[in-house]
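Thank you all for coming; I would like to take a few minutes over one model, and I will ask you to keep the structure on the screen while I talk.

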Amino acid sequence: MKKYIGCDLGGTNMRAAIVDVEDGSMVYQMSIPTQARDGHDAVMRRMAGLFLQMIEWAGMKKEDVGGIGIGVPGVLDLEKGETLFLPNLPSTWPHIPLRDTIAKLTGLPVALLNDVRSITNGEWRFGAGRGVDTVAVFAIGTGVGGGLVINGQLHLGIGGTAGELGHMTIDFTGPRCGCGNYGCLETYSSGPAIAAMGMKAVSQGLTTQISELCSYDLNRITPELIEKAARAGDETAMDIYERAGFALGIAAANVCVSIGPRRIILAGGVSQAGDLLLIPIRRTLRERVTVMPVEHVEVVQSQLGNNAGVIGAACWAAKGL
Ligand SMILES: [Zn+2]
């Protein structure tokens, strides 16, 4: 059985692994700085070099590798194999032929997929989504990404753009989102949105442990710091996670009535807060969803952590190539 390479292209680092797609194990893995400022041509050359070096260092031959899957942080044209808009990379990569360039430089077939859809695919195949056919993933970090598996298939929609659960409207009179819409989930539940609630509480002079934990320096407030205060019983901090979890619960309720998922998975750095988010999400689902059997929907944390993206991208390549 051939192995496949999975890659997670990030703004800071690119991670790659040679993956056994039968069991989801990583045979070999590497991570190098993306150095995105050097521009897309340089980044693609470094990426191809990483793949070839990894094959060599793993003691394998190119013929042992069936192909490469790349998880890309942004909007893609899956048919043309191009990047359309990567908001976190300099120059945003408009119409860059990533698929064909890497294929040419490595001599291996390449498949692209959005980075959170890669995480979704990884968690579904070998992580928290194993064994069920309909899954929704909310990946909470700097933004809120998403992905859907419906009836045993990763749901792609037009050009692979479906599943952007972070841009589901929660309040149509809400604040402007980075995407241009108003009141998106991301404006309530992303890492920066949670940190901003902490900053507001401190600057309003509320009595909260967040103030001491950040030494009254608003720039030091992070979701982790607020989590620490919440775990120590600080009511303001608990309320912040309660509000973020409520917005996630409303979004999850919309997903429940849309696709009837067996499992809803929280991924991304902020999901480490665990019960602080899971409890309000589960409660909101019970309170708000009446037209489908919401008691059968499990809300759980991801299992593969940082490896979900590379494993999912490799499995995507194995399926599509
Ligand atoms: Zn938005």
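I will go from the chain as a whole to the zinc site, and then to two helices.

A word on conventions before that: this is a predicted model, in which local features need pLDDT of at least 70 and side-chain atom pairs count only at pLDDT 80 or more, while totals for chains, interfaces and linings use all residues. Residues are numbered from 1 along each chain as its sequence is written, and side-chain values use heavy atoms, with hydrogens and water left out.

The chain has 10 helices and 12 strands, where helices (H or I, at least four residues) and strands (E, at least two) are DSSP runs numbered from the N terminus. Its radius of gyration, taken over C-alpha atoms, is 20 Å, close to the 20 Å given for 321 residues by the globule rule, that is, 2.2 Å times the number of residues to the power 0.38, so the chain is as compact as a globular protein of that length. Of the 321 residues, 52% are buried, meaning under 20% relative accessible area, with exposed over 50% and partly exposed in between (1.4 Å probe, protein chains only).

Turning to the zinc ion, which residues are its protein donors? They are His-167 through ND1, and Cys-177, Cys-179 and Cys-184 through SG, lying 2.0 to 2.3 Å from the ion; donors here are N, O and S atoms within 2.8 Å of the metal (3.2 Å for Na, K and Ca), and since water is not among the atoms, sites may look incomplete. The 4 donor atoms subtend angles of 106 to 120 degrees, which makes the arrangement tetrahedral, a label that requires all angles of four donors to lie between 85 and 135 degrees. As for accessibility, Cys-184 is buried at 0%, whereas Cys-179 is partly exposed at 45%.

Helix H8 covers residues 235-259, and its 25 residues should span 36 Å, in agreement with the 35 Å between its end C-alpha atoms; the expected span is 1.5 Å times one less than the number of residues. At the start of H8, a side-chain oxygen of Asp-234 comes within 3.4 Å of the backbone nitrogen of Thr-236, and Gly-260, which follows the helix, has a positive phi near 55 degrees.

Finally, Thr-284 sits in helix H9, residues 275-288, and is buried at 1% relative accessibility. Neighbours within four places in sequence aside, Thr-284 is in contact with Phe-246, Gly-249, Ile-250 and Val-289, contact meaning heavy atoms within 4.5 Å.

How values were computed
Polar contact = N/O pair within 3.5 Å; in protein donor to acceptor, adjacent residues only side chain to side chain. Tetrahedral: all angles 85-135°; square planar, octahedral: opposite > 155°, others 65-115°.
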